[in-house]
Amino acid sequence: MFRLFQVTSRLVDRAQSRRREIYFLSMTVFIVLSAVIGGNVFIKYYNDPMFANPETIMQHFATPLFIALVTMTAVLFFGLFFTTVISMAPFKRLRFYEMEFEFENKYAKEIMVANQFTFISTMLNNNSNTIREMISNNTTELHEVVEQLALKYKRFVNEYNSGVFLEIEVCKEEEVTAPQEKKLLDEVKKSPYMSNTFVNRVLNGTNLMVGVVEFSPDVDRVVLIARSNYDYPFDNYDKESIASLIEYSIILYEMINMVTLLPEESDEGTDDSGNSGSVDDTKN
């Protein structure tokens, strides 16, 4: 029974995010249906003797064309009502009942959200240590930086959230081959304001989130693919956590490159001053 409520909740969430598409498709179906039904009604009554030789006023007005138009109008009105109902009203009611059914899991979700913010704040507090650690391990490429942060986030989520199984894959853009992953990747690339997006499975399977890390045109994009088990779907908190991870990886990559370049410039400056000093001593 609980799985039925889960599937219903996923269907409701999917329908809410696709409300315009549902309205358009539903109305298209009813327009075609009304045309088919109206055409059949017209053909049915076209050769009826009652309409060939009308005797009453109603028979004069009730021509096959008129009956067909009235039938089409009735079907269209029913379609408009049906489409409006399925695309708006029931979702709010189902959302209300969903809250009632999932009320016991609210505390667990609050713990998960708190753990996500704990990881982000801890990550920022340990910024200096993280830079030193990555430099000592020669982790200077953007792909490597994202991979290290993603690994830490995955371990943290799986360790401190009971029942959650999170997998994160870091790869290049051309390595993304699965249709659903490529579709989400295209959505992120087309939007200038979105670094990641997700989709939750309605039936069995894993939930999917795809993010893109982009530093500059000279550096290859890095794609981050996260998967969670069915019972723990992604939500906006997860999306914001991954977005923070993506933004921090860009900042961290830039800082690591700045730190690794500073000693080289300092050494070059020391050599130049040393050489110039020796020349002055020789002149003297």
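The expected span of a helix is 1.5 Å times one less than its number of residues. Helices (H or I, at least four residues) and strands (E, at least two) are DSSP runs, numbered from the N terminus.

This is a predicted model: local features need pLDDT of at least 70, side-chain atom pairs count only at pLDDT 80 or more, and totals for chains, interfaces and linings use all residues. Residues are numbered from 1 along each chain as its sequence is written, and side-chain values use heavy atoms, with hydrogens and water left out.

**Exercise 1. Helix α9**

Task: Check the span of α9, then find which of its residues are buried and which exposed residues its other face carries.

Solution.
- Step 1, span. α9 has 19 residues, so at 1.5 Å a residue it should span 27 Å. Its end C-alpha atoms are 27 Å apart, which agrees.
- Step 2, burial. Buried means under 20% relative accessible area, exposed over 50%, partly exposed in between (1.4 Å probe, protein chains only). In α9 the buried residues are L142, V145, V146, L149, A150, Y153, K154, F156 and V157.
- Step 3, arc. The arc is that of the directions from the helix axis to the C-beta atoms. The buried residues cover an arc of only 165°, which puts them on the same side of α9.
- Step 4, other face. Turned away from the buried side of α9 is a face with the exposed residues R155 and E159.
- Step 5, background. An α-helix has 3.6 residues a turn, so residues three or four places apart point the same way.

**Exercise 2. Aromatic pairs**

Task: Classify the ring pair F119 and Y153 and the ring pair F156 and Y160.

Solution.
- Step 1, criteria. Rings of Phe, Tyr and Trp (its six-membered ring) pair if their centres lie within 6.5 Å; planes under 30 degrees apart count as stacked, over 60 as edge-to-face and the rest as tilted. The structure holds eight aromatic pairs.
- Step 2, first pair. The ring centres of F119 and Y153 are 5.2 Å apart and the planes stand at 65°, so this pair is edge-to-face. It links distant parts of the chain: F119 sits in helix α7 (residues 106-125) and Y153 in helix α9 (residues 142-160), 34 residues apart.
- Step 3, burial of the first pair. F119 has 9% relative accessibility and therefore counts as buried. Y153, at 3%, also counts as buried.
- Step 4, second pair. F156 and Y160 are 4.7 Å apart centre to centre, with 40° between the planes, and the pair is tilted. The two are four residues apart in helix α9, so about one helical turn separates them.
- Step 5, burial of the second pair. F156 is buried, because its relative accessible area is 18%. Y160 comes to 47% and so counts as partly exposed.
- Step 6, cluster. F119, Y153, F156 and Y160 form one aromatic cluster.

**Exercise 3. Helix α10**

Task: Repeat the span check for α10 and say what covers its buried residues.

Solution.
- Step 1, span. Helix α10 (residues 179-190) has 12 residues, so it should span 16 Å at 1.5 Å a residue. Its end C-alpha atoms are 17 Å apart, which agrees.
- Step 2, burial. E181, L184, L185 and V188 are the buried residues of α10. They fall within an arc of 105° seen down the axis, so they line one face of the helix.
- Step 3, other face. The exposed residues P179 and K190 are on the face of α10 turned away from its buried side.
- Step 4, cover. Contact means heavy atoms within 4.5 Å. The cover of the buried residues of α10 includes β2 (196-199), β3 (207-213) and β4 (222-228).

**Exercise 4. Three buried residues**

Task: Place N207, Y230 and S249, and describe their surroundings.

Solution.
- Step 1, N207. This residue is in strand β3. N207 has 0% relative accessibility and so counts as buried. Its side chain reaches the backbone oxygen of N229 at 3.0 Å.
- Step 2, Y230. The loop between β4 and α11 (236-283) holds Y230. At 7% relative accessibility, Y230 counts as buried. Y230 and N207 are 23 residues apart in sequence and 6.2 Å apart in space, C-alpha to C-alpha.
- Step 3, S249. Helix α11 contains S249, and 1% relative accessibility makes S249 buried. Leaving out residues up to four places away in sequence, S249 touches L142, V145, V146, L149 and V213.

Terms used
A polar contact is a pair of N or O atoms within 3.5 Å; within protein, one must be able to donate a hydrogen and the other to accept it, and residues adjacent in sequence count only if both atoms are side-chain atoms.
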